[in-house]
Amino acid sequence: MVEDYISKKDRIISTAIEIICESGLSALTTRNIAIKENMSEALLYKYYGDVDEVLQDVIDYYFKFDKGIRATVTAKNVSYVEKIKAYFDSYAVYYDNYYALAVIMLNYEELLHNMSTREKVTEGILERKKYVCDLFENAIKNNEIRDDLTSDELSLMVTGIMMQVTLSRRLVYNKNTLQSELNESIDKLLNILKSE
């Protein structure tokens, strides 16, 4: 019944994300989408001209909530360290609730080699990085954390932590949530960096 309220394009995007999560980016074909959606490939072409168009919408969906998350974190009346925690916590909750979507992060390299997704992925990654750098830069300026590392280096570290935690969860079953694992790791890093 709920499926009646979801558009066919949204269902195709969701199916594409599931295929990528289950079998990898190379398994994303119009044939595999049609089989999983229980439709003919001809009907799929009514919605999408090819698999690259589907993949573009997958990338749009992946970055869909970024502006809202940034606006929410920016509006918080808390320290920059707390904003950093809130920012990564938002993504952890999102990826915990939509496990398959987090796998897009693990396919950045291949998506950057695809001409139809390269620009969107680059823009999304750079916007995320800039925002995190700005948060760290302000935390350093406000003496919330030491300036031993640049905001760029810190941004790379926390992004690397997020990617590694996401990858580890795909390798080994873990009863803890992504949120709890990621928050624990980022808390440890921020505690090490605290200003005296």
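**Reading helix faces and buried residues**

Q: Let's begin at the surface: which residues make the nonpolar patch of about 290 Å²?

A: That nonpolar surface patch is made by Leu-167, Leu-171 and Val-172. Please keep in mind that you are looking at a predicted model. Val-172 sits in the loop between H9 and H10. With a relative accessible area of 55%, Val-172 counts as exposed, because exposed means over 50%.

Q: Now for helix H9 itself: how many residues does H9 have, and how far does H9 reach from its first C-alpha to its last?

A: The idea is to compare the helix with an expected rise of 1.5 Å a residue. H9 has 21 residues and reaches 30 Å, close to the 30 Å expected.

Q: Which residues of H9 are buried?

A: Buried means under 20% relative accessible area. In H9 the buried residues are Ser-151, Leu-154, Ser-155, Val-158, Ile-161, Met-162, Val-165, Thr-166 and Arg-169. They cover an arc of only 125° around the axis, so they are on the same side of H9. Their cover includes H6, H8 and H10.

Q: Arg-169 is on that list. Why does Arg-169 count as buried?

A: Here the cut-off does the work: Arg-169 counts as buried because its relative accessibility is 18%, and buried means under 20%. To see what surrounds such a residue, look past its neighbours within four places in sequence. For Arg-169, the contacts are then Asp-96, Tyr-99, Asn-174, Asn-176, Thr-177, Leu-178 and Glu-181.

Q: Let's go on to H10: how does the span of H10 agree with 1.5 Å a residue?

A: The 16 residues of helix H10, residues 178-193, should span 22 Å. The end C-alpha atoms of H10 are 23 Å apart, which agrees.

Q: Which residues of H10 are buried, and which are exposed on the other side?

A: Leu-178, Glu-181, Leu-182, Ile-186, Leu-189, Leu-190 and Leu-193 are the buried ones. Viewed down the axis of H10, these buried residues fall within an arc of 155°, so they line one face of the helix. Lys-188 and Ile-192 are exposed on the other side of H10. The buried residues pack against H6 (80-97), H8 (118-141) and H9 (151-171).

Q: Can we look at H6 from the inside? What does Ala-92 contact beyond its neighbours within four places in sequence?

A: Ala-92 lies in helix H6 and is buried, with a relative accessible area of 0%. Ala-92 is in contact with Met-162, Leu-178, Gln-179 and Leu-182. Met-162 is one of the buried residues of H9, while Leu-178 and Leu-182 are among those of H10.

Q: And in the loop after H6, is Tyr-98 buried or exposed?

A: Tyr-98 is in the loop between H6 and helix H7 (108-113). At 19% relative accessibility, Tyr-98 counts as buried, since the cut-off is under 20%. Setting aside neighbours within four places in sequence, Tyr-98 contacts Ser-14, Ile-17 and Tyr-61.

Q: Let's try the same reading on H2: which residues of H2 are buried?

A: In helix H2 (residues 30-37) they are Thr-30, Ile-33, Ala-34 and Glu-37. Down the axis of H2, these buried residues fall within an arc of 100°, so they line one face of the helix. Arg-31 and Ile-35 are exposed on the other side of H2. The cover over the buried residues includes H1 (8-23), H3 (41-47) and H4 (51-62). Just after H2, Asn-38 takes a positive phi of about 55°.

Key
Residues numbered from 1 in each chain as written. Predicted model: local features only at pLDDT ≥ 70, side-chain atom pairs only at ≥ 80, totals over all residues. Heavy atoms only, no water. Helix = DSSP H or I, 4+ residues; strand = E, 2+ residues; numbered from the N terminus. Expected span 1.5 Å × (residues − 1). Buried < 20%, exposed > 50% of the residue type's maximum accessible area, 1.4 Å probe, protein only. Arc of directions from axis to C-beta. Contact = heavy atoms within 4.5 Å. Patch = residues over 30% accessible without salt bridge, like charges linked within 9 Å, V, L, I, M, F, W, Y side chains within 5 Å. Areas by Shrake-Rupley, 256 points an atom, 1.4 Å probe, with all protein chains shown as cover. Salt bridge = Lys/Arg side-chain N within 4 Å of Asp/Glu carboxyl O.
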